[in-house]
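Student: I am new to this structure and would like a close look at just one part of it. Could you walk me through that part step by step?

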Amino acid sequence: AAVSLALEKESIRAFAVTKIEEARELREAGVQKSILLLAPILAEQADEAIQLNLTPCVTCEADAKVLSDAAARVNRAVNVHLKIDTGMGRFGVDSRKAVDVAKQIAALPNLKIEGVYTHFANANSDGARPSALQQFHVFKTLIQPLQNQLGLTPEMFHCANSAATLRFPQTRLQCVRVGTLLYGQYPSATAKNAAPNDFKLRETFCAKARIVAM
């Protein structure tokens, strides 16, 4: 929460967390900016997500229908981000069905698809380069069809985590999801080696203890 409040003063665009419990903590601390939930919520959490003015992710029409119904009950419009599985296999709509599912979701009342994203299975190690770039290729081929169907802007497509932000500049698009970099840590030695010479991180925290016995 302390980091988020500091970043909010620096005009950061938005925040992203995994769980609704983390988003609740930020709201209770006074964070006002948009908060994206990167993992799908449970159906019983839909009302709270809307009450906290969060941006949930959706992975199918069923996810979106629950949010649409909850938003309609309070006469609110809710922004969502569509998660596409481009090869990680954790969750997300199959990339081959993404455009059709996006159209189904866009037709639901009280919902707006504000963004579309994917997540790399591994962008850290040298051996990950082919798979990460293949995932990016799949994701990039969907941008134009989704723009044509939904009128989405390029700024609303995102995929780069900390490692990809450093290693694969082409994946930054116009929105990145850096995490560990915010805390002064490189995600891996490979990512550190890929950083520009003038990109220097400083550790923002450390653990200390007194020695009481040897």
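Tutor: Gladly! Let's begin at Val3, which sits in helix 1 (a DSSP run of H or I, at least four residues, numbered from the N terminus). The model is predicted, so local features need pLDDT of at least 70 and side-chain atom pairs 80 or more, while totals for chains, interfaces and linings use all residues. Residues are numbered from 1 along each chain as its sequence is written, and side-chain values use heavy atoms, without hydrogens and water.

Val3 is partly exposed, at a relative accessible area of 32% (partly exposed lies between buried, under 20%, and exposed, over 50%, with a 1.4 Å probe and protein chains only). Together with Leu182, Tyr183 and Phe205, Val3 makes a nonpolar surface patch of about 330 Å² (its residues have over 30% relative accessible area and no salt bridge, meaning no Lys or Arg side-chain nitrogen within 4 Å of an Asp or Glu carboxyl oxygen, and nonpolar side chains are joined within 5 Å).

Helix 1 (2-9) also leads us to the largest pocket, because helix 1 is among the elements that give two or more residues to its lining. The others are strand 1 (15-17), helix 2 (20-29), strand 4 (78-85) and strand 6 (111-117) (strands are E runs of at least two). This pocket holds about 1,000 Å³ of space (an open set of points on a 1 Å grid, with protein on both sides within 12 Å along at least five of seven lines, where a 1.4 Å probe fits; lining residues have an atom within 4 Å of a point). Of the 36 lining residues, Phe15, Ala16, Val17, Leu38 and Val178 are the closest to the centre. By kind, the lining divides into 20 nonpolar, eight polar and eight charged residues.

Conventions: Points joined across faces, edges and corners; volume = space filled by probe spheres on them. Nonpolar A, V, L, I, M, F, W, Y, C, P; charged D, E, K, R; others polar. Patch = residues over 30% accessible without salt bridge, like charges linked within 9 Å, V, L, I, M, F, W, Y side chains within 5 Å. Areas by Shrake-Rupley, 256 points an atom, 1.4 Å probe, with all protein chains shown as cover.
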